[in-house]
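Student: Please take me closely through the site around the ligand. I should like the two chains introduced beforehand, and the terms explained as they arise.

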Amino acid sequence: MSTTDKASAEAQHPPADEPSDLPGTDRADSDSAEAAAGAQLSTAPAEDGPGPVGIGVLGWARWMWRQLTSMRVALILLFLLSLGSIPGSLVPQNQVDELKVADWKRDHAFWVPVAEKLQLFDVYSSVWFSAIYLLLFVSLIGCIVPRTWQFVGQLTGRPPGAPRRLDRMPAYATWRTETAPEQVLAHAKALLGRGRFRTEPGKGSVAAEKGYLREAGNLVFHLSLIVMLVAFAWGQLFKSEGGKLVLRGSGFANTLTQYDDFKSGSFFSTDDLPPFSFTLDDFSASYEESGPQKGTARDFTAYVTFHKGADGAPQKREIQVNKPLEVDGAKVYLLGHGYAPVISVTDPSGKVVYKDAVPMLPFDGNLSSSGAVKVTDGYRNKDGVKEQLGFNALFVPTFAGAGQGTMLSQFPDLKFPVLALSAYHGSLGVDSGLPQNVYRLNTAKMQEFKDADGQLLKKRMLVGETMELPDGAGTVKFEGIERWATFSVTAQPGSGLALGGAVAAIGGLAASLFIQRRRIWVRAVPGPDGTTVVEMAGLGRSESARLPEELGQLAAALHEQAPTAPERPVTETVEGERG
Amino acid sequence: MTPLAAEVNENLAQISNYLVYSSMAVYTLAFLAHIAEWTFGSRSKVARTAAALTTAPAAAAAPAVQVRSQGTTAVLDKPKVVTRSAPGTRDVPDGPGAAGGTAQGDLYGRIAVSLTVLGFLLQAGGVVARAASVQRAPWGNMYEFSITFSAVAAGTYLLLLALKKNVRWLGLILVTTVLLDLGVATTWLYTESDQLVPALHSYWLWIHVSTAIFCGAVFYIGAAGAVLYLLRDSYESKLASGGTPSRIAASVLERFPSAASLDKFSYRINAAVFPLWTFTIIAGAIWAGDAWGRYWGWDPKEVWSFVTWVAYAAYLHARATAGWKGRKAAYLALFAFACWIWNYYGVNILLNGKHSYAGV
Ligand code: HEM
């Protein structure tokens with residue numbers, strides 16, 4: 001086998017297998033022939049047209065629209081979208097954690113005005129971020145609609161006829177055979193048909209095309225992106241999300257007033273809250289007992305009695321971190337948990353004026369917690385004057401031991417629970433109408449209870465111990481320990497649609513990336529020596545790597561039915577550079 | 001009540017460590033063998049690329065056509081397919097590979113590949129032993145991610161070799177990175193084998209994390225292809241424009257596949273994993289929905305997964321846009337991979353979000 005450099009050979013010896021009656025063409029000419037053969041091999045929008053045509057606003061508008069829906073602008077917008085998402089991961093976001101935003105503002109005071117101006121604390125709802133993705137989606141729709149039409153047109157069209165110069169195609173094979181041209185073509189058509197190519201007979205040739213699913217997949221993928229965006233927008237408008245702390249033994253009913261905090265989308269209505277209620281029967285937590293990760297949480301479970309609807313039958317359920325309870329489109333998640341020391345307070349007469357489990361907020365991994373006990377009503381001091389009492393509380397489930405100098409917990413479970421209280425009296429300021437943090441004591445209008453040394457009265461207590469307030473002002477008793485858990489109840493309509501879109505997107509993407517759209521041409525014409533010259537060529541999108549391989553297999557199969565004719569003396573073999 | 005306290009099997013954990021250390025020793029030998037391969041290969045004086053590019057630039061423009069010239073009978077078993085590169089690309093043959101066609105270089109190359117197979121088996125054993133020691137998926141912290149990551153990269157490379165793909169040129173680079181990754185994992189990221197925090201108790205751990213690691217490792221191979229493409233492309237364009245690259249650059253780059261082949265390799269790898277990466281992100285969103293009550297909350301890890309995804313989408317678009325093919329597209333691919341790596345190291349270590357239980 002040897003090869004010949006066609007372009008140079010051509011000038012001297014018009015090759016015998018050249019079916020064309022025209023003289024050799026130059027490169028530019030063949031490029032355009034190739035372009036014609038490759039026409040409509042995809043529906044990608046044409047590159048950059050000329051500048052604005054026509055006059056006035058309409059010409060410009062049309063030009064701008066064409067720019068916006070071009071691949072180049074889509075590419076640039078995609079790149080901008082990826083760059084634009086970055087700041088939101090470096091600067092804390094209001095949407096994610098408002099406390100962190102506040103901390104950041106305190107630490108970077110200088111940058112705050114700039115950051116505010118650039119909406120850096122709300123990147124994903126900022127004007128500029130929205131502009132990028134909205135433009136991208138306008139571009140996408142502007143791109144997808146015409147492409148879909150074009151594709152429908154292509155589906156009903158036929159593969160274009162064989163270009164004159166098949167040897168200019170990316171993959172090419174040729175041989176001589178004694179089988180008659182019509183027979184070769186009939187074999188070729190059958191062969192390609194069996195390979196599920198769409199075939200179209202031409203004059204002395206067969207054209208075939210395959211892989212339309214690639215384009216379909218690509219369109220499905222891009223359409224699914226639009227579906228997903230719509231689903232997200234829908235979800236944002238109708239979503240609701242509420243949080244609730246529930247003590248062991250207490251319950252929760254799904255009405256707005258019961259929530260500790262509640263956020264919802266603009267179109268949400270309270271009627272959308274599905275009716276249900278549950279009681280937290282028990283809560284269990286287990287932790288790593290030893291090793292370097294001692295204290296790391298291993299398992300949390302909330303055991304609840306659940307009632308569906310206004311008066312459904314009670315059902316026992318478990319809620320775990322990865323296993324929310326699902327009710328009518330809403331999900332109840334277990335978010336956090338902690339301890340609530342049970343505290344009772346007596347007045348000077350010994351009457352119990354307060355007894356409650358007071359939830360403490362954990363502030364480290366070992367559940368060291370802080371909180372406040374507020375006795376708002378019912379207490380009168382020795383002189384019979386109404387007063388309010390307040391206690392700052394620190395609770396540790398596992399105390400390090402006296403003399404360790406720390407009131408930080410050593411382990412998250414209840415191994416050595418200790419409660420430390422400091423006592424105040426006066427006005428809690430709860431009647432002032434200002435919202436109050438239930439976990440914090442506002443001591444602005446309170447006086448300290450003093451101990452024997454004239455210091456703030458403090459005591460560390462074990463369960464069952466009592467702190468005496470000075471001068472017989474009463475007692476405070478650490479009665480026991482309850483647990484609490486926090487739940488979040490969320491409803492996100494549209495997530496089913498988003499999931500459907502996502503699945504379709506992956507399917508479309510896979511079809512689009514793994515299927516090759518390609519064309520094969522077979523030409524069989526009588527050669528000058530009386531045998532038949534068979535030429536086969538393949539063309540795909542630029543990435544079609546398997547094309548030569550496939551052409552080789554098809555050629556081999558056709559070759560079996562139209563084998564190479566015995567050799568006759570040849571004259572025109574010229575040694576080419578490609579060896 | 002909790003079956004969880006599945007005890008950590010200290011023995012197996014120890015065995016896992018021994019396996020990982022042994023694999024590092026074996027990879028080091030593979031590294032040395034590759035160095036030998038490249039050294040012996042440099043003695044070959046083939047210089048095909050330079051010949052192809054400098055002697056006959058017209059050759060690229062000319063189609064090569066098969067003409068009948070076989071003996072007397074129809075012994076031809078298969079018509080030969082002639083390929084022609086797209087207009088505008090250089091028509092350069094692939095380099096001969098690291099061994100440069102020398103027998104000695106080739107011998108060392110084969111030794112290196114065999115050692116890589118052994119190293120991979122030891123490493124994979126280490127990952128499995130780690131999983132067995134805790135009876136869970138071995139992806140609970142960065143140490144575990146890292147040893148799995150390079151095992152997948154090595155495995156993918158070996159699989160491509162087994163499928164007779166032309167990837168031996170990748171050997172030295174791959175072994176070097178695997179060693180670096182394992183070095184970082186064992187010295188800085190090492191975490192004792194242990195149970196998981198509750199948020200990780202989910203079958204999504206198997207699905208989401210395994211695909212994430214897999215995608216990263218394969219994207220790595222795509223990125224390596226893109227870097228080499230850029231180097232080789234500068235080398236080729238220098239030759240084509242009549243320049244002379246430095247001796248060492250010429251000797252090394254000459255032996256790699258042509259820029260066009262590297263570019264295609266990188267594209268195919270990236271395009272093939274992109275749908276899986278899309279799936280990974282969606283699986284992550286579903287898991288987040290179950291674990292935290294929201295599917296998407298712009299947590300740093302989520303942001304960077306999104307950035308990586310969009311960057312790869314931009315890359316795929318660039319490939320289909322005239323004027324953006326070639327080098328510009330390769331830069332985009334590298335940007336996208338840089339985002340992936342940052343998401344893995346940077347976000348885990350520097351930015352803390354909900355994902356930071358991963359444990360350094
Ligand atoms: C939301 C933003 C978009 C994303 C995430 C996206 C993503 C992708 C991806 C991943 C591919 C690769 C699949 C393939 O090669 O077949 C692709 C291909 C494609 N996209 Fe987009 N795209 C977006 C917007 C657009 C827009 C606005 C246009 C129109 C200008 C467009 C036109 C195309 C075309 C024509 C292809 C096929 C390229 C080819 O045949 O190789 N896309 N897109």
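Tutor: Helices (H or I, at least four residues) and strands (E, at least two) are DSSP runs, numbered from the N terminus. By that reckoning, chain A holds 12 helices and 23 strands. This is a predicted model, in which local features need pLDDT of at least 70, side-chain atom pairs count only at pLDDT 80 or more, and totals for chains, interfaces and linings use all residues. Residues are numbered from 1 along each chain as its sequence is written, chains are lettered from A and ligands numbered from 1 in the order in which they are written, and side-chain values use heavy atoms, with hydrogens and water left out.

Chain A has 579 residues, of which 48% count as buried (buried is under 20% relative accessible area, exposed over 50%, partly exposed in between, with a 1.4 Å probe and protein chains only). Contacts (heavy atoms within 4.5 Å) between residues of chain A at least 6 apart in sequence join residues at least 24 apart in 65% of cases. Chain B has 11 helices and two strands, and its order along the sequence is α-α-α-β-β-α-α-α-α-α-α-α-α. Of its 360 residues, 58% are buried, and the share of contacts joining residues at least 24 apart, among those at least 6 apart, is 84% in chain B.

At the centre of your request is the iron atom of the ligand, to which His222(A) and His317(B) each give NE2, at 1.9 to 2.0 Å. Such donors are N, O and S atoms within 2.8 Å of the metal (3.2 Å for Na, K and Ca), and because water is not among the atoms, sites may look incomplete. His222(A) belongs to helix H10 (residues 212–238) of chain A and His317(B) to helix H10 (residues 300–319) of chain B, so the pair joins two chains. Both histidines are buried. The six donor atoms around the iron subtend angles of 73 to 179 degrees, and the arrangement is therefore octahedral (six donors, opposite ones over 155 degrees apart and all others between 65 and 115).

The wider shell comprises 26 residues, the closest being Cys143(A), His222(A), Ser512(A), Arg541(A) and His317(B); a residue belongs there if one of its heavy atoms lies within 4 Å of the ligand. Because residues from chains A and B surround the ligand, the site is shared between chains. By class, the shell has 16 nonpolar, seven polar and three charged residues (nonpolar: Ala, Val, Leu, Ile, Met, Phe, Trp, Tyr, Cys and Pro; charged: Asp, Glu, Lys and Arg; polar: the others, Gly among them).

Polar side-chain atoms also approach the ligand. One of Arg214(A) lies 3.0 Å from a ligand oxygen, one of His222(A) lies 2.7 Å from a ligand nitrogen, and a side-chain N or O atom of His317(B) is 2.4 Å from a ligand nitrogen. Two or more shell residues each come from H4, helix H8 (127–156), H10 and helix H11 (495–514) of chain A, and from H10 of chain B.

Helix H4 (residues 71–85) of chain A also contains Phe79(A). With 30% relative accessibility, Phe79(A) counts as partly exposed. Setting aside residues up to four places away in sequence, Phe79(A) touches Ala314(B), Leu332(B) and Phe335(B). Between Phe79(A) and Ile132(A), 53 residues apart in sequence, the C-alpha to C-alpha distance is 9.9 Å.

How values were computed. Four donors count as tetrahedral if all angles lie between 85 and 135 degrees; four count as square planar and six as octahedral if opposite donors are over 155 degrees apart and all others between 65 and 115; anything else is irregular. A polar contact is a pair of N or O atoms within 3.5 Å; within protein, one must be able to donate a hydrogen and the other to accept it, and residues adjacent in sequence count only if both atoms are side-chain atoms.
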